[in-house]
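Biologist: I should like to learn how to read the sheets, helices, loops and pockets of a structural model. May we go through them one by one?

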Amino acid sequence: MPITRVAVAGLGAIGRVLARKLSAGMPDLTLACAAARDHAKARAWLDAERITCPLVEPEAFPAHADLAVECTPASVLERICRPMLEAGKQVMVLSAGALLPRPDLIELAKARGGQIIVPTGALLGLDAVTAAAEGRIHSVRMITRKPPRSLLGAPYLDANGISLEGLNGPKLVFAGTAREGAAGFPVNVAAALALAGIGPDRTMMEIWADPSVDRNCHTIEVDSDSARFTLAIENIPSENPRTGRITALSVVAALRKLKTPLRIGT
(Lines give C-alpha, C1' and ligand atoms only; values in the text may rest on other atoms or scores of the structure.)
Protein backbone atom coordinates (compact mmCIF):
# COMPACT_ATOMS: atom_id res chain seq x y z
CA MET A 1 0.00 0.00 0.00
CA PRO A 2 1.48 3.40 -0.96
CA ILE A 3 2.66 5.70 1.81
CA THR A 4 0.43 8.72 2.49
CA ARG A 5 2.43 11.87 3.20
CA VAL A 6 0.79 13.95 5.91
CA ALA A 7 1.20 17.67 6.52
CA VAL A 8 0.29 19.05 9.95
CA ALA A 9 -0.93 22.65 10.02
CA GLY A 10 -0.49 24.04 13.52
CA LEU A 11 1.66 22.68 16.34
CA GLY A 12 -0.61 23.44 19.28
CA ALA A 13 -2.35 20.98 21.59
CA ILE A 14 -3.66 18.85 18.71
CA GLY A 15 -0.85 19.22 16.19
CA ARG A 16 1.81 18.19 18.69
CA VAL A 17 0.02 14.95 19.53
CA LEU A 18 -0.34 14.20 15.84
CA ALA A 19 3.29 15.04 15.02
CA ARG A 20 4.51 12.75 17.82
CA LYS A 21 2.29 9.87 16.68
CA LEU A 22 3.32 10.17 13.03
CA SER A 23 6.98 10.55 13.90
CA ALA A 24 6.86 7.49 16.15
CA GLY A 25 5.45 5.51 13.23
CA MET A 26 1.97 4.79 11.90
CA PRO A 27 1.46 2.13 9.20
CA ASP A 28 1.63 3.55 5.66
CA LEU A 29 1.66 7.15 6.93
CA THR A 30 4.55 9.56 7.24
CA LEU A 31 4.97 13.09 8.60
CA ALA A 32 5.95 15.05 5.50
CA CYS A 33 5.99 18.64 6.78
CA ALA A 34 4.36 21.07 9.17
CA ALA A 35 3.31 24.71 9.31
CA ALA A 36 3.24 26.99 12.34
CA ARG A 37 2.71 30.69 12.96
CA ASP A 38 5.89 30.97 15.04
CA HIS A 39 8.61 29.11 13.13
CA ALA A 40 11.27 29.59 15.80
CA LYS A 41 9.07 28.19 18.55
CA ALA A 42 7.92 25.31 16.35
CA ARG A 43 11.48 24.43 15.33
CA ALA A 44 12.62 24.46 18.95
CA TRP A 45 9.81 22.08 19.89
CA LEU A 46 10.45 19.74 16.95
CA ASP A 47 14.16 19.61 17.78
CA ALA A 48 13.45 18.95 21.47
CA GLU A 49 11.15 16.08 20.45
CA ARG A 50 13.72 14.82 17.91
CA ILE A 51 11.16 15.04 15.14
CA THR A 52 12.67 15.53 11.70
CA CYS A 53 10.21 17.61 9.75
CA PRO A 54 10.53 20.63 7.43
CA LEU A 55 8.52 23.73 8.28
CA VAL A 56 6.81 25.28 5.26
CA GLU A 57 4.01 27.72 4.53
CA PRO A 58 0.54 26.13 4.07
CA GLU A 59 0.53 27.17 0.40
CA ALA A 60 3.47 24.78 -0.15
CA PHE A 61 1.69 21.72 1.26
CA PRO A 62 0.69 20.24 -2.13
CA ALA A 63 4.37 19.90 -3.12
CA HIS A 64 5.12 17.88 0.03
CA ALA A 65 1.96 16.04 1.10
CA ASP A 66 -1.03 14.00 -0.02
CA LEU A 67 -3.16 14.95 2.99
CA ALA A 68 -3.09 18.01 5.25
CA VAL A 69 -4.52 18.08 8.76
CA GLU A 70 -5.80 21.50 9.84
CA CYS A 71 -5.19 22.12 13.56
CA THR A 72 -5.21 25.91 13.44
CA PRO A 73 -7.42 28.91 14.20
CA ALA A 74 -10.33 29.05 11.78
CA SER A 75 -8.91 32.16 10.14
CA VAL A 76 -6.15 30.05 8.52
CA LEU A 77 -8.51 27.50 6.97
CA GLU A 78 -8.46 28.97 3.45
CA ARG A 79 -4.64 28.94 3.27
CA ILE A 80 -4.59 25.25 4.11
CA CYS A 81 -7.62 23.93 2.25
CA ARG A 82 -7.63 25.81 -1.03
CA PRO A 83 -4.14 24.85 -2.32
CA MET A 84 -4.62 21.19 -1.38
CA LEU A 85 -8.08 20.97 -2.94
CA GLU A 86 -6.92 22.79 -6.07
CA ALA A 87 -4.35 19.99 -6.39
CA GLY A 88 -7.04 17.32 -5.93
CA LYS A 89 -5.72 16.25 -2.55
CA GLN A 90 -7.24 15.59 0.89
CA VAL A 91 -7.70 17.91 3.85
CA MET A 92 -8.75 16.87 7.34
CA VAL A 93 -10.55 19.83 8.91
CA LEU A 94 -11.01 20.39 12.64
CA SER A 95 -12.37 23.95 12.32
CA ALA A 96 -15.67 22.61 10.99
CA GLY A 97 -17.42 25.85 11.92
CA ALA A 98 -15.33 27.67 9.30
CA LEU A 99 -16.66 25.35 6.59
CA LEU A 100 -20.27 26.52 7.01
CA PRO A 101 -19.77 29.94 5.37
CA ARG A 102 -17.44 28.43 2.73
CA PRO A 103 -19.51 26.00 0.62
CA ASP A 104 -17.23 26.90 -2.30
CA LEU A 105 -14.51 24.74 -0.73
CA ILE A 106 -16.81 21.72 -0.94
CA GLU A 107 -17.56 22.56 -4.57
CA LEU A 108 -13.83 22.91 -5.24
CA ALA A 109 -13.17 19.47 -3.76
CA LYS A 110 -15.89 18.03 -6.00
CA ALA A 111 -14.57 19.75 -9.11
CA ARG A 112 -10.91 18.78 -8.60
CA GLY A 113 -11.37 15.30 -7.13
CA GLY A 114 -10.18 16.32 -3.68
CA GLN A 115 -11.78 15.49 -0.36
CA ILE A 116 -12.57 17.28 2.90
CA ILE A 117 -12.62 14.97 5.92
CA VAL A 118 -14.20 16.11 9.20
CA PRO A 119 -13.19 13.67 11.97
CA THR A 120 -15.51 12.81 14.82
CA GLY A 121 -13.44 15.03 17.10
CA ALA A 122 -15.04 15.81 20.44
CA LEU A 123 -18.47 14.54 19.42
CA LEU A 124 -19.30 10.87 19.74
CA GLY A 125 -22.17 9.46 17.75
CA LEU A 126 -21.60 11.10 14.38
CA ASP A 127 -21.83 7.65 12.80
CA ALA A 128 -25.35 7.30 14.18
CA VAL A 129 -26.33 10.74 12.89
CA THR A 130 -24.95 10.13 9.40
CA ALA A 131 -26.78 6.78 9.31
CA ALA A 132 -30.05 8.41 10.39
CA ALA A 133 -29.57 11.05 7.68
CA GLU A 134 -29.85 8.32 5.06
CA GLY A 135 -33.49 8.20 6.13
CA ARG A 136 -35.38 11.17 7.53
CA ILE A 137 -34.28 13.14 10.58
CA HIS A 138 -37.08 15.14 12.17
CA SER A 139 -35.01 17.16 14.63
CA VAL A 140 -31.53 17.54 16.14
CA ARG A 141 -30.85 19.46 19.33
CA MET A 142 -27.52 19.99 21.04
CA ILE A 143 -26.96 21.32 24.56
CA THR A 144 -23.41 22.35 25.42
CA ARG A 145 -22.14 23.21 28.89
CA LYS A 146 -18.67 24.71 29.18
CA PRO A 147 -16.54 26.14 31.98
CA PRO A 148 -16.80 29.95 31.67
CA ARG A 149 -13.05 30.30 31.00
CA SER A 150 -13.37 28.26 27.79
CA LEU A 151 -15.91 30.75 26.42
CA LEU A 152 -13.94 33.91 27.12
CA GLY A 153 -13.38 35.96 24.01
CA ALA A 154 -16.23 34.37 22.07
CA PRO A 155 -17.40 36.88 19.41
CA TYR A 156 -21.07 36.44 20.36
CA LEU A 157 -20.43 37.36 23.99
CA ASP A 158 -18.45 40.45 23.02
CA ALA A 159 -21.01 41.57 20.42
CA ASN A 160 -23.90 41.21 22.86
CA GLY A 161 -22.18 42.55 25.97
CA ILE A 162 -22.53 39.28 27.87
CA SER A 163 -20.20 39.05 30.86
CA LEU A 164 -19.24 35.79 32.57
CA GLU A 165 -17.29 37.47 35.37
CA GLY A 166 -18.18 36.29 38.86
CA LEU A 167 -20.61 33.68 37.57
CA ASN A 168 -21.80 31.43 40.42
CA GLY A 169 -24.40 29.38 38.60
CA PRO A 170 -25.22 28.07 35.09
CA LYS A 171 -26.03 30.81 32.59
CA LEU A 172 -27.68 30.31 29.19
CA VAL A 173 -25.60 32.48 26.85
CA PHE A 174 -26.98 31.32 23.50
CA ALA A 175 -30.00 29.58 21.98
CA GLY A 176 -30.44 29.32 18.24
CA THR A 177 -29.24 27.46 15.16
CA ALA A 178 -25.93 25.65 14.76
CA ARG A 179 -24.95 28.13 12.05
CA GLU A 180 -25.37 31.05 14.44
CA GLY A 181 -23.69 29.19 17.28
CA ALA A 182 -20.67 28.13 15.23
CA ALA A 183 -20.21 31.72 14.03
CA GLY A 184 -20.23 33.15 17.55
CA PHE A 185 -18.54 30.51 19.73
CA PRO A 186 -15.70 27.96 19.69
CA VAL A 187 -18.10 25.06 18.99
CA ASN A 188 -16.84 23.19 15.95
CA VAL A 189 -18.71 20.17 17.28
CA ALA A 190 -22.00 21.90 16.43
CA ALA A 191 -20.90 22.43 12.84
CA ALA A 192 -19.79 18.81 12.51
CA LEU A 193 -23.14 17.65 13.89
CA ALA A 194 -25.00 19.87 11.43
CA LEU A 195 -22.97 18.67 8.46
CA ALA A 196 -23.56 15.05 9.48
CA GLY A 197 -27.32 15.50 9.87
CA ILE A 198 -29.91 18.03 8.75
CA GLY A 199 -27.79 21.10 8.15
CA PRO A 200 -26.80 24.17 10.17
CA ASP A 201 -30.15 25.96 9.89
CA ARG A 202 -32.29 23.12 11.25
CA THR A 203 -29.88 21.90 13.91
CA MET A 204 -30.74 23.74 17.13
CA MET A 205 -28.45 24.33 20.06
CA GLU A 206 -28.04 25.87 23.49
CA ILE A 207 -24.76 26.98 25.04
CA TRP A 208 -24.43 27.29 28.81
CA ALA A 209 -21.57 28.80 30.79
CA ASP A 210 -21.46 26.61 33.87
CA PRO A 211 -18.90 27.17 36.66
CA SER A 212 -19.82 23.81 38.20
CA VAL A 213 -18.25 21.85 35.32
CA ASP A 214 -14.57 21.50 34.52
CA ARG A 215 -15.10 19.72 31.20
CA ASN A 216 -16.83 20.54 27.93
CA CYS A 217 -20.13 18.65 28.13
CA HIS A 218 -22.37 17.94 25.14
CA THR A 219 -25.81 16.34 24.96
CA ILE A 220 -27.31 15.56 21.55
CA GLU A 221 -30.93 14.60 21.02
CA VAL A 222 -31.92 13.15 17.64
CA ASP A 223 -35.41 12.17 16.48
CA SER A 224 -35.60 10.36 13.14
CA ASP A 225 -37.69 7.81 11.27
CA SER A 226 -35.11 5.11 12.03
CA ALA A 227 -34.23 5.81 15.67
CA ARG A 228 -34.59 8.21 18.52
CA PHE A 229 -31.42 8.61 20.55
CA THR A 230 -29.64 10.80 23.08
CA LEU A 231 -25.86 11.05 23.26
CA ALA A 232 -23.85 12.57 26.08
CA ILE A 233 -20.12 13.17 26.40
CA GLU A 234 -17.84 14.97 28.86
CA ASN A 235 -14.51 15.86 27.27
CA ILE A 236 -11.42 16.17 29.44
CA PRO A 237 -9.65 19.39 28.39
CA SER A 238 -6.19 19.35 26.85
CA GLU A 239 -3.60 22.01 27.67
CA ASN A 240 -5.91 24.30 25.70
CA PRO A 241 -9.17 24.56 27.72
CA ARG A 242 -11.18 24.97 24.50
CA THR A 243 -10.00 21.63 23.14
CA GLY A 244 -10.73 18.18 24.54
CA ARG A 245 -7.99 15.57 24.72
CA ILE A 246 -10.10 13.19 22.66
CA THR A 247 -10.04 15.54 19.65
CA ALA A 248 -6.39 14.82 18.83
CA LEU A 249 -6.93 11.10 19.37
CA SER A 250 -9.90 11.24 17.02
CA VAL A 251 -7.64 12.63 14.29
CA VAL A 252 -5.16 9.81 14.86
CA ALA A 253 -7.99 7.26 14.67
CA ALA A 254 -9.31 8.84 11.45
CA LEU A 255 -5.84 8.63 9.89
CA ARG A 256 -5.53 4.97 10.86
CA LYS A 257 -8.89 4.29 9.19
CA LEU A 258 -7.48 5.47 5.88
CA LYS A 259 -5.08 2.53 5.78
CA THR A 260 -6.30 -0.19 8.13
CA PRO A 261 -7.32 -3.59 6.69
CA LEU A 262 -10.26 -3.64 9.15
CA ARG A 263 -12.34 -0.48 9.34
CA ILE A 264 -14.85 -0.06 12.18
CA GLY A 265 -17.60 2.51 11.80
CA THR A 266 -19.17 4.27 8.84
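**Sheets, helices, loops and a pocket**

Modeller: Let us begin with a sheet, in what is a predicted model. Five strands are arranged as an open sheet of mixed pairing, in the order β7-β8-β6-β9-β10.

Biologist: Which strands stand at the edges of this sheet?

Modeller: Those are β7 (171-177) and β10 (228-235); each has a single partner strand, so one side of each is left without a neighbour in the sheet. From one strand to the next, the twist averages 10°.

Biologist: How should I read the pairing between two strands?

Modeller: Strands of a sheet pair through backbone hydrogen bonds, in either a parallel or an antiparallel sense. Here, β9 (residues 216-224) and β10 run antiparallel and are joined by eight bridges. Within this pair, Val222 stands opposite Phe229 in β10.

Biologist: Which helix lies across β6, β8 and β9?

Modeller: Helix α9 lies across β6 (137-146), β8 (203-209) and β9, and runs at about 170° to β6.

Biologist: What is the strand order of the open sheet with parallel pairing?

Modeller: Its five strands follow the order β2-β1-β3-β4-β5. The edge strands, β2 (29-35) and β5, each pair on one side only. Direction ignored, neighbouring strands of this sheet are turned by 25° against each other on average. Between β1 and β3, the parallel pairing extends over four bridges, and the bridge partner of Ala7 is Ala68 in β3.

Biologist: At what angle to β1 does helix α1 run?

Modeller: Helix α1 (residues 13-24) runs at about 155° to β1 and lies across β1, β2 and β3.

Biologist: Which residues of helix α4 are buried?

Modeller: In α4 (residues 77-86), the buried residues are Leu77, Ile80, Cys81, Pro83, Met84 and Leu85. They pack against the strands β1 (4-9), β3 (67-70), β4 (90-93) and β5, and against the helices α3 (61-64) and α5 (103-112). Just after α4 comes Gly88, with a positive phi of about 75°.

Biologist: How is the sign of phi to be read in general?

Modeller: Most residues other than glycine have a negative phi. In this model, Asp28 has a positive phi, near 65°, and lies in the loop between α1 and β2. Arg50 likewise is not a glycine, yet has a positive phi of about 60°; this residue lies in the loop between α2 (39-49) and α3.

Biologist: What are the relative accessible areas of Asp28 and Arg50?

Modeller: For Asp28 the value is 24%, and the residue is partly exposed. For Arg50 the value is 76%, and the residue is exposed.

Biologist: Finally, how is empty space found in a model?

Modeller: Rolling a probe the size of a water molecule over the atoms shows where empty space is left. In this model, the second largest pocket has a volume of about 760 Å³. Its lining comprises 22 residues, and Ile117, Val118, Pro119, Thr120 and Thr266 lie nearest the centre of the pocket.

Biologist: Which element supplies the largest share of this lining?

Modeller: Helix α10 does, with five residues. The elements that each supply at least two residues are β5 (115-117), α6 (126-132), α9 (188-196) and α10 (245-259).

Biologist: How many residues of each class are found in the lining of the second largest pocket?

Modeller: There are 14 nonpolar, five polar and three charged residues in the lining.

How values were computed:
Residues are numbered from 1 along each chain as its sequence is written. This is a predicted model: local features need pLDDT of at least 70, side-chain atom pairs count only at pLDDT 80 or more; totals for chains, interfaces and linings use all residues. Side-chain values use heavy atoms; hydrogens and water are left out. On a 1 Å grid over the protein atoms alone, a cavity is a set of points where a 1.4 Å probe fits but cannot get out, and a pocket is an open set with protein on both sides within 12 Å along at least five of seven lines; lining residues have an atom within 4 Å of a point. Grid points are joined across faces, edges and corners, and a volume is the space filled by probe spheres set on the points. Ala, Val, Leu, Ile, Met, Phe, Trp, Tyr, Cys and Pro count as nonpolar, Asp, Glu, Lys and Arg as charged, and the others, Gly among them, as polar. Buried means under 20% relative accessible area, exposed over 50%, partly exposed in between (1.4 Å probe, protein chains only). Contact means heavy atoms within 4.5 Å. Two strands pair if DSSP finds at least two bridges between them. Axes are lines fitted to C-alpha atoms, for helices over the stretch in contact, and angles run from 0 to 180 degrees between N-to-C directions.
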